[in-house]
Each structure stands twice: as structure tokens, then as C-alpha cells.
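Trainee: Could you take a close look at how the side chains meet in this one? Start with a charge over a ring and work outwards from there.

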Amino acid sequence: MITVCLLRRHLTAYLTCQQPYLTVDMRAKASDIKITQYLNKNAGDAESTLNVLNVLEELLSSGTDRRIHYMISQGGSESLLNALVKNGSRFIPNYTILLPILYLVAKVGHKDCGIGKKAEEAGAILLILNLLKNNIQHARRAEACLLVIQVFATSVSTAKLIASNQGLDIIYNLIPNYTTKNLQTIKASINAFAALLSSDNISSAVSKGYVSGLLLLYEEWHSKDTKHSAIDILQALLNCFHKIVRSAVGRDTFVSQGGIRLLYHTTQTCSLNICQGLLVESSVQLMRWCLPKTPLPLRSDQSVYCFPLPRRHHLLDVVASDDTSGEIAGDKMEKDYQEAQSKDYDDDLETDLKKLCLRPPLDRPKDLLPQYSRLCPELSHDFLEQLELSSQGRSPSSSSSDDETEKCNNLSLHSFRRGEKSAVFSKTENGTSGQTKSAASLFKAKDFYSHTGILNSSAEVGTKARETRKEAKSGLTNDQQNNKSEGNGKSYNSTMIDSLIDIHGVDIPYHEPRTYHAAATKTKSVPGFTTLAFPDFWGQVPSPENEPMAPRKLNIQRQKVLEDIQRFLKTDTINKVVFDLEDDSLQFPPDKPDSLRFFSSFECGNLRKAIQVRRYEYDLILNADANCSQHTQWFYFEVSNMVPDVPYRFNIINCEKSNSQFNYGMQPVLYSVQDALNGKPQWLRTGTEICYFRNYFCPVRGSQKTTFYTLTFTITFKYKEDVCYLAYHYPYTYSALRAHLNLLHRSVASSKVFFRQQIICPTLSGNSCPVVTITACPPSKCDKDLHQLGKRPCIVLTSRVHPGESNASWVMKGTLEFLCSNDPIAQALRETFVFKIIPMLNPDGVINGMNRCDLSREDLNRQWCKPDPILCPTIYHTKGFLYYLNSIGRAPLVFCDYHGHSRKKNVFLYGCSVKETLWQSGSTVENAGLKEDPGYRTIAKALDRIAPAFSFNSCNYMVEKSRSATARIVVWKELGVLRSYTMESTYNGFDQGIYKGLQINTRELEEMGMKFCHSLLSLTIDTKALYGKSLINHMNLGQNILDHKSHNSFEDDEPPCVEEIEYSTESPGLKGDDLELDINRCMANIDAEGSTKRQMSGEIGGYYQTFTTVKSPTPSPDNAGVH
Ligand SMILES: [Zn+2]
């Protein structure tokens, strides 16, 4: 007794910090050891043991878990288990001692991952079951045993051992029907039952009918618990279900016993207080997990658009040494895509200094390079003639870009090696004649689909429009019969277009509908589009209003998921297919009063199927990338026949990315033809109730594990007779690019600006891939000026290698317009540099509404190491051109490839740096002596100051292994271009700078393109202009803001979503902490069991009382039997 008193005083001294020179942990260590030793030594003396236990409990209840872990490391668990066995196996156990031991075993064991095994070795398993059986009528004791069982069952083998000794049955029978008594013990029973549900035990629980039993219990408790006092019990039961559905047999049983229906029903009657909210959350997770996987309602996962690739034997003839290209015909793409997806997140920095610094050899024979000399027209151009002409006031005879197109088509074909040439010819013939169709003749018959209602509303064009529609219909029939409709349409259409433009036209800079129409007739699509999307034809201006990010409605995902579950339970859904690319009768359905009408057979369109599921709700399925069975994310389609002022819900049900900016304030864009005709041709951010979550669909064939995500949004249309377009992001078609380049060409002051549009090569389906040269004409014909032109460094810019990244095209549009402008900075840049711009590296992908790949099924931005000349011609020739520039000593000063980023906000750069890569990877390679020009940071620093959309903090310069075949890394490595970048633009908006909180639109994208040009001033001798007033004035910043500084951008992707996008089997309300809380509560209430502590109080003075008062606010439940 004296020893204990001393020990306690000693301990109290420690705890009250009378020896401040000892750290808390030192104090804990010192006393813990003594106590456990003491516990073992004095196991026979009840009172001493009790005192030791109390001291121990005090010690472990304060401070951090480190005390417990220290105790475990010193054999504390074993000591406690021995004490438990010793005291518990007495004929009549002394519960005054046993109870504190049980609590301590639970408390310490909960932190000891080896507790199951230790308990088995100590012989505590059967003992605890026996104790439980003997105390079924004694709530407090039973609860203590159940807590210990929960802890023991964390080991699978222990859980199995308990179950094989009827543990499962004993505990199941402890769970009563609804009652208001002993709720804590009941909760402990249910949690112990859940803890025992390892996979083996689930089968046994299923076979004994316990799953349906638990469901009945849940139903009863839920219906009778009107005062919400049994939330814990319900939560614990849900926790059991979460464990059960983790196994297939458990899930099947749960579903077949009506689990989903029951949970759905109970969630409908839940009120929305916080506690019940947890129940609903947990129930929704469970239901999502259990919904049976449903294949997409398609005939096949394969894209509707199929383009025959050049055959293998052609490849063998041409590039016999290159074996990898043959795999393309296989299913390699799917694998690659999965890898690419996962690698997005990988920390796969290249740490091999040799590899980082090694320049690989040329990927082709050197004598293939001179063919690209034609792409440097500024070097061979006869400026003499031009200067003379312009001095005579005549416009110089610069060749029209269209002529150039034809010429260059031939040129590029001729420039192949002999063997390749035939392959390319046969491919091109194959492609153009057999599969892709130019829209040239077809457009005459039919330009717009489903617009007649609106066009009718204008008296002037009404008649003509109606006639056009008639023509369109007959043209269509002809299309379907023999693909020849040249004879129809005639001049009606052009008259209609003229009238429309005359009456409703809006002056849009660098856009002209007729030019667009003309460009579109030359565009070759795989399906042979004959219809123009109105927005692309008519043009758009950015909204004059700010468009803030959409606020996320509380629990919106839960609500949407519940609506989806309702479909599974009720059969009142309509499920009517209203649009199907593969079913001609559904592509042009007659107007039905009760259904929306969909259409997407136009450039960049990619809706595959639309299913009306409820009166005002549609499931939409996107077409996979042509020749592929996946890559769905981008969307663009037309919708009409709407009822105004009614919210329509749209669900795009086969999205692939695992998260989306749609969960973080992004809205889709909508274009109303009615608004456009009323003078507001605008793509506007639209949609409410937006969320993006994992659904229960899986591919038609292929892995059931592949899951899709739903993007859901609700649109309320304004007008009755409207045709609207919905898209993932502001569309920018290939035809738009061609039209834009032609207009730019016409707009430039040819005496000052050298602008030349050429074709780098034809694409697989026979479209032209344009390359533009922009520089300043020499000021005079003297040799010095011509010589200076030849010495101007090159800036090479590319974009839109990924067709779904239309934002990249808008940035490029801004760049092109600025470089062609009269702005003095543009003139200065032209005089300093020669710009070589390939604005669309993947025309075929863009045209056919693809998201990621090319017709060759490849992600073209993973082909730069060794691009295939036949399958990836645009990359092959762009790289060849870069090699050529290098070979004549004109390797670009800057290379930048414009992209769009789907998971981040703002605009930022990725570059390449050996030092930063090694440093970031924590590489031990000695790189102190490594010299690296820090110039790769100059542009980002400049952009940070002048571009409001730009985020310096989001930039990085790591060289990742998984990105080793991207343009940025290959150009950096193989061509030694120090400033080689990827510029990523958000789809969503900004979380920093003056645009913070706004969604991006084409104005900011184009501005970014201009700002990128501005930043190039940082590379010139005269950098003063960069920070001069003129640039800052461009930004409209107001007078007080002189400098733009970016900050507060997330290093990683977005923080976790408020609501889980993925569903897990973890019940949201029940984590490990819950058990700990229960144990602590029990320990705090221990004096309800007896007068133990009151006996002690005389000895320890006021300390203990203070301690317990602080610690135990919970009133103790009735001390009666469980049943
Ligand atoms: Zn990209």
C-alpha cells in the first residue's frame, strides 16, 4: 500500500510538472515500466492491483498515444492480458478488478496491431467469450467484453477463431429489437458483430440468415426511433452492412433481401439534421456500392466512327526496322491510356543524370531534312519585288493560302523517300476516296439542322428557310441513298445565308460566316458531315459579363445519386432512345412534343446516344475517339424542341476522368441560336446542380472494373423555338482555324508583315496541317536588312495536339492575332523573331469530335521520340522541320506547345530543368558543379508580372519519365532548346490574381495568347518595354494595381471533394476513433460499477476527483440486463 502511495505521489508530481526538467515522455516512461512490473508482481493482491490499475488508467488517459505505444513496446499488452486471464478465469471473478482490466486491455489493445495474436497466445479469446456469456444480463460488464472483442477481432485469424466458437451467434443474439435502454451495450454488440465480419465470417452470417435479420432490425429501429436517440445504433447497423457488402456473396444477399430498397426508403424519411445527415450519407454510399453494374446501353464500346488505317504491309515496306508501329492495330491503346492516366499522378522523375543530359541521335537519315527548307519561305522570298510593288501602291502578289495549300500538299507528298511515297499515296487515296468525305458538295444542300423554327420567325428569310428545309430533307434522303446530293440545294442556301447575315449579322473580329462556310466545305471528316454547327458558322463574342464560378449546392451529389438509385428501384422511368448515331431513323426524328431533339453530326460534335429517362431528364452517351473504345470527356451537341422555363437534367454517363473541375465551380457552355440572331452570339457558362460522380455503368464488353463517371447538370432554356448547343468548353473547329488563317492573311499589312500559310503535311484522312510563318518584312532592300532577317531567332509554337483541348486553340488565336496586329510590341517582336506556328497538330482528331487521340489511336503527344511517318505524319514532319531548323543553325529560341488542363485552375508552364529535377527527386547525384542556364525561367517570371491569368506557382520544370515522349521534353533534349514548354490553360477559371473566382472565357484565353507574346520581350535586349506602362495598360487593371502577382495556387490538384466522388465501403461516420471514444467513456464511468474510486479518494486527495469530474460528462446508462 505504501508503495502505491509513493508511486502515486511520485506520479502526481510528474504530472503536475513539479519536475519540469523531465519531458512528459520521460516521465511517462519512468512510471509506465514501474506500473506494469508492479501489476505482474502484485497480481494476487486485489487492492494493490486495483490501485495500480487506477494509476495506469490515469497515466494513459492523459498525454498522447506515445505513452500507450511505449507501454506496448515494453510488453504492456502481454501484462494486461495476463492480468485479464488471471482475474477472469477465477470461479467467481472480482469485477471490481476485472472491469478496469478489460477497459485497459481495450484501450491499449486498440493501439496494438499485434493484439489478436497476443490474445490468442495468452488464452484470452475463449475467456472473453465466456465472460460475455456469463454477463449477458449485466449490461456494463457485457459492454466491456464487447469492446475487448472488437479490439481482438481486428486480426482476421482471431475474428475467425471467435466465430468458430459461436462468437458470431452469441453476439448476434445480443442485438435486440427497438428499446430505449442500454443503448451503449447494444451499440457495442453491433460494432463487435461488425468487427467479426471478415470475409469467411460473412459467408457464415449470410447462411445463418443474419443479413436479413439485421435489415429487419434496421427497419424497426429506424421507424421507431422518432426522437432520434438511437442514431448510434442505426449507424452501427449501417457499419455492419458496409462490412457485409464488401464480399460478393454479402452484396448479393444484401440486394436480394431488399437492402437497397430499405435504405432508399429510410433516407426518404430522414430529416436533414446533422446526425440523420450522417445516416443518409452512409446509406447513399452503401447503395451506390451495391447497385449492380450495368453495361452502357450500346451495341459496342467501339466508336461509331471507324477509319481504316494504312495496312501493315505498307509499313513493312517503309519502316521495316521499326517494329513497334505494328502494335497499333492491337489493343495497345487501351493499355497505354490506362498507363497515361495513372502516370498523370506518378512521381516519376528522371534521376539518371546521364539520361537527362544525353542528346539522342537523329531519328531519321540526315538527307531527309532539306525537304523542309520550303517551310522557311522568308529566307527565299523576293522582298525586292515586294518592296517595289508596295512602293508603286499595288498589293504584292503574295500567293493565296489556298493555292499554297494545293501546292504544298503535293510538295509534302513528293518529299517522302521513294519507298514511303507510294505508301503515303496509297494511304491517302484509300483514306480520302474510301472513308473520309469532304463536305464540299453536301453542304450546298443542307447547312443547318433543326433551325427552321427560328429562321421562320424572321419574315424576310422565312420562305426561303422553309424551302431550304424541304431541300434539306430531300438532300438527306439522297445522302442516305447514294451519298450524292450535288444536284439539290442549288442557290437557296446561299441566299438564305446572305439574308440571315444581312438581317442578323454581328460584326465579329476575325470571323466571317461565308469564309467559314467556304473553309468547311474543304474539311474532310470520317462520317462525312454535311451540316454546320450554327455557333461555329455564325461566330461568337465573349460574354461582356463576368462569369463567376458556380456555387456548389449542399449535398447536391447525394441528391443526384438518390435520383439515380430511384431509377433502379422504380420502373416509372421512360427509357426512350431519342437519338442514336447508329440508327438513321433516330438521327433525324420528327418533332415529338414530349422529347428534346438531339443532333451532333457536325464538326467536333460527338454525342452518340440520348435516352430520355424521365419527362425532363436525359442520359447522354458520348462517342469514343474514332477507331477507339474510350477517351470520352469532351462533348459538343445540339439540342432543340425544348419547353421554356423548365429545368432539364442532363447526365453524361460515360465520362472517364476520375475527377473533374465540374466539381469545383466549372459550368458547361451553352450557345442559343435565338440569342445569336438577336445580336448576342455568345457561348455562356450555364447550368445548375452540377456535379461529377462515379456511377454504376461499365463498358459493354471489357472489364467490369472499368467504371464511368456521370457529369450531371440542369439547364433551363429561355425560348420556346430555340436551337441550343452545349459543349464541354468553347468549341474551336478545324474549319474555324482555316477560316481564321485566311482572314488573318487578308488583314495583315503586307508591306510590313510577312505572313505565309503553308501546309506541313496532309493528315491521315487527307486534311491539311497548316504552318504559319510570321515575321517583319525587311525595312529596305539593302543587304544589311535582308541579312538581319536571316539571323532572326525562331520562335516555334504549336497547339491542339489533344483535340479535346479547345482552350489551347483560343490561346493560339490570341497569339496569332496579336502577332499580325499593328501593335508596336507586335512589330518589335516581328522585327526581332521569326514565328513558326503550327496551330493544330491534330486536325483529324478535332474534326471528328475526338478527345485525346488521332485516327491512328495514338496520343500524339506521346509520339515525339520516334514518330511514325505514316501513322503520325503531323508529328513526324513537325519534328523533321525542327531538326531542319537546327541543322541550319536556327534551332528555336523558344518552343511552346499549348494545351488545356482538366484538373487545375489558371494558366501555367511546364518546362525542363536538370537541376530542378534532380533536386526535387532528392537525388544524391552531385550536381553542384552542374552548370545550367537559368534562362528557362525568364518567360514564366515575365508572365507572372504581366499576365493576370498566369500562375507562377503552378509552373514546374521536372523531367518525368512518363512524359519523355512529349513535345516539350523531346524538343528540349534532342534539339537542345533551353526554353521548351508546355503551356497549360484551365478549362475552369482562376483561384488567384485579379480574375480570382471567375470562370475563364475566350477573352481571357486570347489575352493569354497575347501575353505569351509580350513575355518574349524578356528575351530581347530591350526588356524595358516589358515593364513599361503600355503592357500593364493592356490589362485594364485600374490605376492602383501596377503589378500582377500570382499566389495561392495549389501545388497538387484540387483538394478532396466535399462529397466523395468515389464510394468506399467505409461508413463515413464510423472510423476507428469511435471505438476509442467508447472505451474512454466507459473508463470515465467506471465508478458507476462500484465504489472503487471513492475508496481511493482518501489516499489521493482531491486530485483524482478533479480528474474524473473533468473527464466524465456522460451520464451512465441504466445498470440492467441487455434484454
Ligand atoms: Zn494536352
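Mentor: Start at lysine 904. Its charged end sits over the ring of phenylalanine 908, 5.3 Å from the ring centre. Keep in mind that this is a predicted model. Arginine 141 offers another case: it lies over the face of tyrosine 95, 3.9 Å from the ring centre.

Now the zinc ion. Its protein donors are His802 (ND1), His899 (ND1) and two OE entries from Glu805. They lie 2.1 to 2.3 Å from the metal. The angles among the four donor atoms run from 58 to 146°. A tetrahedral label needs all angles between 85 and 135 degrees, so that label fails here. The site is classed as irregular. Along the sequence, the donor residues follow the spacing H-x2-E-x93-H. Histidine 802 is in the loop between strand S18 (794-799) and helix H37 (806-819), while histidine 899 is in strand S20 (residues 894-901). The two histidines therefore tie together parts that are 97 residues apart in sequence. Both histidine 802 and histidine 899 are buried.

Next, ring against ring. The whole structure holds 43 aromatic pairs. One of them joins phenylalanine 193 and tyrosine 210, edge-to-face, with 6.0 Å between centres and 65° between planes. Phenylalanine 193 belongs to helix H12 (residues 183-195) and tyrosine 210 to helix H14 (residues 210-224). They are 17 residues apart, so the pair counts as a link between distant parts of the chain. Both phenylalanine 193 and tyrosine 210 are buried.

Phenylalanine 602 and tyrosine 636 also form an edge-to-face pair, at 5.0 Å centre to centre and 75° between the planes. Phenylalanine 602 is in the loop between strand S5 (597-599) and strand S6 (607-614). Tyrosine 636 is in strand S8 (residues 636-640), 34 residues apart from its partner. Both phenylalanine 602 and tyrosine 636 are buried.

S8 leads to the sheet. Five strands form an open sheet in the order S5-S8-S15-S10-S11, with antiparallel pairing. S5 and strand S11 (683-685) stand at the edges with a single partner strand each, so one side of each has no neighbour in the sheet. From one strand to the next, the twist averages 30°. Look at the S11 edge. Three bridges join strand S10 (residues 669-672) to S11, and the two run antiparallel. Across that pairing, leucine 670 stands opposite leucine 684 in S11.

Key:
Residues numbered from 1 in each chain as written. Predicted model: local features only at pLDDT ≥ 70, side-chain atom pairs only at ≥ 80, totals over all residues. Heavy atoms only, no water. Phe/Tyr/Trp six-rings, centres within 6.5 Å; stacked < 30°, edge-to-face > 60°. Helix = DSSP H or I, 4+ residues; strand = E, 2+ residues; numbered from the N terminus. Buried < 20%, exposed > 50% of the residue type's maximum accessible area, 1.4 Å probe, protein only. Lys NZ or Arg CZ within 6 Å of the ring centre and 35° of its normal. Pairing = 2+ DSSP bridges. Axes fitted to C-alpha atoms, helices over the stretch in contact; angles between N-to-C directions. Donors = N, O, S within 2.8 Å, 3.2 Å for Na, K, Ca; no water. Tetrahedral: all angles 85-135°; square planar, octahedral: opposite > 155°, others 65-115°.
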